[in-house]
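User: I am new to this structure. Please take me through its confidence and its charged pairs, one question at a time.

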Amino acid sequence: MNRFSAVGPRTEPTPDVTAFEQLARALVGITLKSLSALDGAVSVSQFRLLLTLDGLGRVPSSTLAEALGMGASSVTRLVDRLQAAALVERGSVEHSRSIVTVEVTSRGRDLVTAVLDRRHALLEDVLDRMDPHQREQARQMATVFADLAGDAAKLAVNGPVPL
């Protein structure tokens, strides 16, 4: 039996969990729509790397791999493709040429900005349909939820949440 095998019949979630499940789906939908700004230029995994790297700045590839929760070889393959597209560039640390650094190029930053601008516009569109009191309540509850959720929000300390 694997970790995804059902232990018993599925129980229906409580109404509050159902509401947040619907919110999660709506936010994922907005995120996916915002990625349409990529117009096929990069994959979702490559964009995730660009977004993370844009927040971190120039870093050793091992730091980038850790921030993404990926193996070094996977990051190397993604960086190879992004470098070929002139979206990132590699470098080295002056005191140790064996440490490979990676940073987003201006072209890569423009791509990240396009996606984030599209996402912000999509979110604004939804928020603009709320009355001011609902909008303020939504802002407060989103902040509380993100703080309590932990890891995804904590990633923003070192850079944006990847995706």
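Analyst: One definition comes first: a salt bridge is a side-chain nitrogen of Lys or Arg within 4 Å of a carboxyl oxygen of Asp or Glu. Note also that this is a predicted model.

User: How many salt bridges does the structure hold?

Analyst: Side chains of opposite charge can pair when their charged atoms come close. For this structure, the number of salt bridges is eight.

User: What is the N to O distance in the salt bridge of Arg-139 and Glu-136?

Analyst: Both residues, Arg-139 and Glu-136, sit in helix α6. They are three residues apart, about one turn of the helix. Their side chains meet in a salt bridge, with an N to O distance of 2.5 Å.

User: Is Arg-139 buried, partly exposed or exposed?

Analyst: Buried means under 20% relative accessible area, and exposed means over 50%. Arg-139 has 45% relative accessibility, so the residue counts as partly exposed.

User: Which helices hold Arg-135 and Glu-124?

Analyst: Arg-135 forms a salt bridge with Glu-124, and the closest N and O atoms are 3.0 Å apart. The pair ties together parts that are eleven residues apart in sequence, because Arg-135 lies in helix α6 (residues 132-149) and Glu-124 in helix α5.

User: Which residue is linked with Glu-124 and Arg-135 in a network of salt bridges?

Analyst: Arg-135 is partly exposed, with a relative accessible area of 27%. Glu-124 is partly exposed too, at 38%. In the network of salt bridges, these two are linked with Asp-128.

User: How many residues apart are Glu-103 and Arg-58?

Analyst: Glu-103 forms a salt bridge with Arg-58, the closest N and O atoms being 4.0 Å apart. This pair links distant parts of the chain. Glu-103 is in strand β3 (residues 96-104), and Arg-58 is in the loop between α2 and β1. Their separation is 45 residues.

User: What is the relative accessible area of Arg-58?

Analyst: Its partner Glu-103 counts as partly exposed, at 27% relative accessibility. Arg-58 is also partly exposed, and its relative accessible area is 47%.

User: Which element of the protein chain has the lowest mean pLDDT?

Analyst: The protein chain averages a pLDDT of 87, and 88% of the residues score at least 70. Among the elements, helix α5 (residues 106-127) has the highest mean, 95. The lowest mean, 52, belongs to helix α7.

User: Where does pLDDT stay under 50?

Analyst: Where pLDDT is low, the predicted coordinates should not be read in detail. The stretch in question has eight contacts beyond four places in sequence in the model. pLDDT stays under 50 over residues 156-161.

Conventions. Residues numbered from 1 in each chain as written. Predicted model: local features only at pLDDT ≥ 70, side-chain atom pairs only at ≥ 80, totals over all residues. Heavy atoms only, no water. pLDDT = per-residue confidence, 0-100. Helix = DSSP H or I, 4+ residues; strand = E, 2+ residues; numbered from the N terminus. Contact = heavy atoms within 4.5 Å. Buried < 20%, exposed > 50% of the residue type's maximum accessible area, 1.4 Å probe, protein only.
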